[in-house]
Amino acid sequence: MERNQLTRRILVASGKVPADTVVKNGKIVDVFNGEIIEGDIAIVDGYFAGVGKYDGKYIVDAKGSYVVPAFIDGHVHIESSLVTPSEFAKVLLPHGVTTVIADPHEIANVLGTAGIQYMLDSSENLPFDIYIMLPSCVPATSFENSGASLSAIDLFPFYHHPRVLGLAEVMNFPAVLQAQDDMLNKLSDAKRFGKKVDGHAAGLRGNDLNVYMAAGIRTDHESTAAEEAKERLRSGMYLMIREGTVAKDLMKLIPIINHHNARRCLFVTDDKHLDDLVLEGSIDHNVRLAIQGGISPITAIQMATINAAECFGLEDKGAIAAGYKADFSFVDDLDSVRISHVYKDGVAVVQDGKLIVDCSNKHKHGLEKSVHFDEIQASHFTISLPSKKSNIIEVIPNSLITQHIVEEVDICSQGFFQPSISADQLKLAVIERHHLTKQIGLGIVKGLGLKYGAIATTIAHDSHNLIVAGTNDEDMVLAANTIKEMQGGLVVIKNGQILASLNLPIAGLMSDSSFQEVYAKLNNLHIALEQLGANDQFNPFLTLSFLALPVIPELKLTDKGLFKVSKFEHIDISCV
C-alpha cells in the first residue's frame, strides 16, 4: 500500500477528513459476532475505513437493505462454465460474488503452462478478483493420455504472481502416500512460498486423511456424506461444501454444521455449467440452500465470506470492517438472499440486479486447434465380448461417483456388444485427442438414459479427451467427426443429423463468444437432448464429462480402457 493511501485511510477512519463514499441506512451483517448492526460505512480508495458516524463526498442510501460482504467461491474450475474469465465475471457479479479461487486444472491438462498463463492474462484488470491455485496433478494419473505434463519445475515460476495463492487440489493420493519426488517438490515449493495447498480426498478415511494433513494439505471439497465431512473437520481440514451442476453435496452435509465447527466450513461450486449459473446463481445459491437446510442466515453468510477469506489467507476480504476491501452487496431479504446492488472496491458494479460496468478483456489467446485424431469409423467402436456378463459403469444421478455393476448384455452373432435401450446399456468411448496416439477406450454405461442417437464432448475430466456415448455406432461416428471439425465442443446427433452443437475453440473447453450466446446454444442442446429421450433428472453432458475421471470412485473409462478406481488399475469389459 502506498504511504499516502494509508494516510488517507487513517484520516478517514478518525473522522478528520470525509470519506470517498459513505453508505447510510443499512443493516450491516457483522460476520465476526454474528449480529446485525447499524451505522455509517466509510469507504476510501476502495477499502472500508470504518463503521460508525461518517461524512463523505458521495452518499449511498441503502434504504434499509442488509449490507453483506461480497461472496467468495473457494474452489471453482472456470472452464466448466464454458466461457472466458471476463464473461464468467459478468455472470457472477449480479449474484454478489466478487472473488473466486480458481483452479485452471482443466485447461492445463490440455495446454500445460500456456493454459495457466492464459487464465492469468485473461483475468487481468477486471472488476472481479480471480485468484489462482496451481494445478498439482497434470496429468491426474498415469492411466490416461493428457495434453500436457506439469512438474514442480514448471509450476515454480508462477508462485511469483501476486494472484497465485498456492497448489490446487492434490488428487494423486498414491503419489503423496509414497512420497514421490515430484509431488514432494510441489508440496515443498508451495510451503516455501508460504502458499496454501488444497486437497482432493475422494473416498479417503482414517490414516489416509492423516497422510494428507501430514503433507500440509488443509482442505477438501470431495465429502459426499455427513460422516466423511465430520472426519475431515475432526482431522483439522477446512470443509469445502460443494454444490455444482453434477456434484450436489450441500444438503447432505449441512446437518453436521453447528456453532462449534461452522467457522471451518466454506462454500464452493467446483464445476457448474453456465445455464445453472444464470438460472440458480453461484455461491448465493449455496447460501440459500444452507438457509433452507436450517442454517441461520448470518452463519451461512459467514461461510460464504469470512470463512473462505481466512481459509486462503485473504486478510483484507470477507467482512465489513475497517481495513477490508469494500466488496459488498445490498440484500433485500436475508432468507431469500435477494441481491439488488453489488459494489466492488467501493464502486457500484450492479444496480437493481443489472451489471453496469465493463468486464471485457481483449487478451489474444491463440489457443485454437487443440483437437487431433484420425477420422473415426464404425469399426473403432466395436466391443468384442467372449461372454454376455460384463463390467458396466452405472451413473449415479447428480454425483461424480459411479457404481461398478456386472450385468448380462446383448451380443450379436459375431460376438460384439449391442446397445440396449430397454436395459439402458449404451456404448461409451474415450478418444485420445492430443497427440494422435490412436488410443480409444471402450466401455458400457448404464443410467445415461438416451433412447436415440449419440452425444459427444471434448470436456472429459481431467485429461479432456473426446468422450462419446450413444445408442448406435453410426451416430457416434458422426458425433466424433463433427467435434473434430468444430475443434472442440458439444454435439447432439440423431439419425445421422446434427440436432445442436456448441463450439468451444479455446482448448476445446471454452467459447470465445458472449455468455448470452453460449447460454442460447446450451438451451438448444437441452432441447435436442429431449429429442434423444435423455434423463431430465441430471445434466447428461456434465455427467458424461466425469465418466472419464479416474480419481473419483468407482468405475470410469479413459482412453486406455475401463478403470477401477479403488484398485487403481484397468480392467476388462468382459467378466469371464
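## Exercises on a predicted model

In β5, F48 is the bridge partner of I43. This pair comes from a predicted model, and the first exercise starts from it.

**Exercise 1. Place the pair in its sheet: which strands form this sheet, in what order, and which stand at the edges?**

Step 1. Take the two strands. Strand β4 (residues 40-44) pairs with β5 in the antiparallel sense, over 5 bridges.

Step 2. Extend to the sheet. It is open and has 4 strands, in the order β5-β4-β1-β6. The pairing is mixed.

Step 3. Find the edges. β5 (47-52) and β6 (56-61) each have a single partner strand, so one side of each is left without a neighbour in the sheet.

Step 4. Add the twist. On average, neighbouring strands are turned by 25° against each other, direction ignored.

Step 5. Look for a covering helix. Helix α1 (residues 3-13) lies across β1 (19-24), β4 and β5. Its angle to β5 is about 15°.

**Exercise 2. Trace the largest nonpolar core: how many residues does it have, and which have the most contacts inside it?**

Step 1. Count. The largest nonpolar core has 182 residues.

Step 2. Name the hubs. F128 and F328 have the most contacts inside this core.

Step 3. Find the main contributor. Helix α16 (residues 515-531) gives the most, with 7 residues.

Step 4. List the contacts of F328, leaving aside neighbours within four places in sequence. They include I43 and F48, the bridge pair of the opening. V23, V67, V68, P69 and A70 are also among them. So are I320, H341, V342 and Y343.

Step 5. Check for another core. A second, separate one has 15 residues, including I101, M240, A308 and L314.

**Exercise 3. Describe helix α12: how many of its residues are buried, and which residues of α13 does it meet?**

Step 1. Test the cover. Helix α12 (residues 283-292) has 9 of its 10 residues buried. Those are I283, D284, H285, N286, V287, R288, L289, A290 and I291.

Step 2. Fix the geometry. The axes of α12 and helix α13 (residues 297-304) come within 9 Å. They cross at roughly 150°. The crossing is right-handed.

Step 3. Read the contact. From α12 come I283, V287, A290 and I291. From α13 come P297, A300 and A304.

Step 4. Sort by class. The contact has 7 nonpolar residues, no polar ones and no charged ones.

Step 5. Inspect the backbone after the helix. G294, just after α12, takes a positive phi of about 110°.

**Exercise 4. Work outward from β11: which strands does it join, and in which sense?**

Step 1. Check the cover. Strand β11 (residues 164-170) has 7 of its 7 residues buried.

Step 2. Take one partner. Strand β10 (residues 129-134) runs parallel to β11, joined by 3 bridges. Here I132 stands opposite V164.

Step 3. Take the other partner. Strand β12 (residues 196-199) also runs parallel to β11, again with 3 bridges. Here L167 stands opposite V197.

**Exercise 5. Classify S420: is this residue buried or exposed?**

Step 1. Locate S420. The residue lies in the loop between β23 (417-418) and β24 (425-431).

Step 2. Apply the cut-off. Buried means under 20% relative accessible area. S420 has 6% relative accessibility, so S420 counts as buried.

Step 3. Find what S420 touches, not counting residues up to four places away in sequence. The contacts are D410 and Q425.

Step 4. Compare sequence and space. K451 is 31 residues from S420 along the chain. Their C-alpha atoms are separated by 9.1 Å.

Key:
Residues numbered from 1 in each chain as written. Predicted model: local features only at pLDDT ≥ 70, side-chain atom pairs only at ≥ 80, totals over all residues. Heavy atoms only, no water. Buried < 20%, exposed > 50% of the residue type's maximum accessible area, 1.4 Å probe, protein only. Axes fitted to C-alpha atoms, helices over the stretch in contact; angles between N-to-C directions. Left-handed = near helix turned anticlockwise from the far one by under 90°. Contact = heavy atoms within 4.5 Å. Nonpolar A, V, L, I, M, F, W, Y, C, P; charged D, E, K, R; others polar. Pairing = 2+ DSSP bridges. Core = buried A, V, L, I, M, F, W, Y, C linked by side-chain atoms within 4.5 Å.
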